[in-house]
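Hello,

Here is the structure I promised to pass on to you. Please have a look at it first, and my notes on what turned up follow below.

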Amino acid sequence: MTSATATTGRVSATSLVRRLGPVTGEGPTYRRVADRIRAATLNGRLTVGIGLPSERDLAMALGVSRTTVAAAYQQLRDDGWLSSRRGSGSRLAIPREHAAWRSDIFGAPAIADEPALIDLTTASLPAPAEPLQRAVEAATGELPGYAAGSGYFPFGLPVLRDQVAQRYCDAGVPTTAEHILITGGAQHAFGLALSSLTSPGDRVLLECPTYPVALDAIRAAHRVPTPLPLGDNADTAWDLELFGAILRQSAARVSYLIPDFQNPTGALMSAADRERAVEQARRTGGTLLVDESFRDVPFGVAGSDQLPPPMSAFGDGATGRGRGGSGCPVISLGSVSKAFWGGLRIGWVRATPAIVERLAVTRSLGDMAGPVLDQLIVSHLLADPAAALEQQSARLAAGAAAVRAALAEYLPDWSATDPAGGASLWVRLPGPYATELARLAPAAGVRVVPGPRFGPDGTMEACLRLPFTAPPEQLTEAIRRLSQIDRTAAQGAVTAFPGWLA
Ligand SMILES: Cc1ncc(COP(=O)(O)O)c(C=O)c1O
């Protein structure tokens, strides 16, 4: 059985051959062709749902017999990598047992019945149980007071909009409720902003590596992802000169940035770099879509009041009153998924009242308004957030320490970031074998997501994201398991990298 796929056109035989690389090596040719197609799907060179060329065209392009291609397609079909429907040909799919590597989107139900498997594909914490329970009880008691009205709040519950606005004021960014739209999480907020601020064909600049579901959204909306490579040094991860140059050359209208404990690297943008980023965007007339999902749960600094100011402090896209003055281009996206719990599905956008209205209209096309009870729960959590935030920060700190210690013990050749926040380490492997490692990992009892998934162009094959949201003992065991397949994965890397330099 295969996971759901979207139909996204057909790749030509020539283009497919380019994406596969050389189909040389041991074993029957049909199997090598099938292996290559599978590897290209896993590492992002081919997208799930895309149609494959006809057997005849691919046979000609590869210089093999049609029977060989037919056998390769049949193998992929048997293994769940290809689904064939009358009238729409053969389309790439992800077999159900492999779908968890995309579980940022699909959740991780696949492992619920496989308890021995440790899932390192998602970076989400469980809820802080007691604070959540208290908030649920308080919210339930308050609900009858709302039940007399329609229950529709297209901009969000007024009390919650006020609270979110107050949080920006506390961080030094003057904000009122009219600047806030409550959404169903940060990803919902991102999708709304993307469709309101850009059109199909527009370029959208994003960090590379970046949060892969944002990348999926950009692609699905037919916008063109334009990568800004991040550096390895956490203090200088963003090259603002390069940012300016890419903005000028690409004419990207929107840049999606995660300055607060970037996903996946955990890097934190300095105040000076925030100021420069805003300046560059202002010069080119672009908008910064700033994802602040991880801002509230730092663990390597004393508290979120010790962080550089929010990007909107340097150029305020909502009130025009930031240090940069008016005309400035920052729209902020926030969420309680990391600070409290992803299952609450509450986030927000901070923007001008006009943009907030536009986004509310866009939202209403598919979803009239958010659930009142969930917003009340979040409102109660925000009213007294300390216990929940402390619990989540402590979990993240313990998880990060466990992964770093286990890497030092079991995989000393791997080098990892050392973030003060976020939910994952970004690892550099000693060679380009992340996809092969991810392919072998389930058999060793772990699921991981390889580097290419975090960028638009199939690179970063020597990188891996390691979330540290699981309990520490599981994380240590996961790294131990990965160490057992490390050498085999390095030797058997399915993707050839001529010219690879370590
Ligand atoms: C950077 C970033 N943005 C957005 C999201 C999605 O957040 P939400 O659950 O609020 O939609 C995530 C979740 O991992 C994330 O890491």
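**The ligand site**

The ligand is surrounded by 14 residues, with Ala186, Asp291, Ser335, Ser337 and Lys338 the closest; a residue counts as near if one of its heavy atoms lies within 4 Å of the molecule. Before going on, please note that this is a predicted model, in which local features need pLDDT of at least 70 and side-chain atom pairs count only at pLDDT 80 or more, while totals for chains, interfaces and linings use all residues. Residues are numbered from 1 along each chain as its sequence is written, and side-chain values use heavy atoms, with hydrogens and water left out.

By class, the shell around the ligand holds 5 nonpolar, 6 polar and 3 charged residues (Ala, Val, Leu, Ile, Met, Phe, Trp, Tyr, Cys and Pro count as nonpolar, Asp, Glu, Lys and Arg as charged, and the others, Gly among them, as polar).

Some polar contacts (pairs of N or O atoms within 3.5 Å) are worth a look. An oxygen atom of the ligand lies 2.7 Å from a backbone N or O atom of Ala186, and a polar side-chain atom of Ser337 is 2.7 Å from an oxygen atom of the ligand. On the nitrogen side, a ligand nitrogen atom is 3.4 Å from an N or O atom in the side chain of Ser293. The protein buries 92% of the 400 Å² that the ligand exposes when taken alone (accessible areas by the Shrake-Rupley method with a 1.4 Å probe).

**The largest cavity and some backbone details**

There are 4 cavities of 30 Å³ or more (a cavity is a set of points on a 1 Å grid over the protein atoms alone where a 1.4 Å probe fits but cannot get out; lining residues have an atom within 4 Å of a point). The largest has a volume of about 80 Å³, the volume being the space filled by probe spheres set on the points. Its lining includes Pro209, Asp232, Trp426 and Arg428. Domain 2 (103-123 + 388-492) and domain 3 (150-384) both contribute lining residues, so this cavity lies between them (bounds from an automatic or database domain assignment).

Pro209 also follows a cis peptide bond from Cys208, with omega near 10 degrees. The bond from Asn263 to Pro264 is cis too, with omega near 20 degrees.

Best wishes

Technical notes
On a 1 Å grid over the protein atoms alone, a cavity is a set of points where a 1.4 Å probe fits but cannot get out, and a pocket is an open set with protein on both sides within 12 Å along at least five of seven lines; lining residues have an atom within 4 Å of a point. A polar contact is a pair of N or O atoms within 3.5 Å; within protein, one must be able to donate a hydrogen and the other to accept it, and residues adjacent in sequence count only if both atoms are side-chain atoms.
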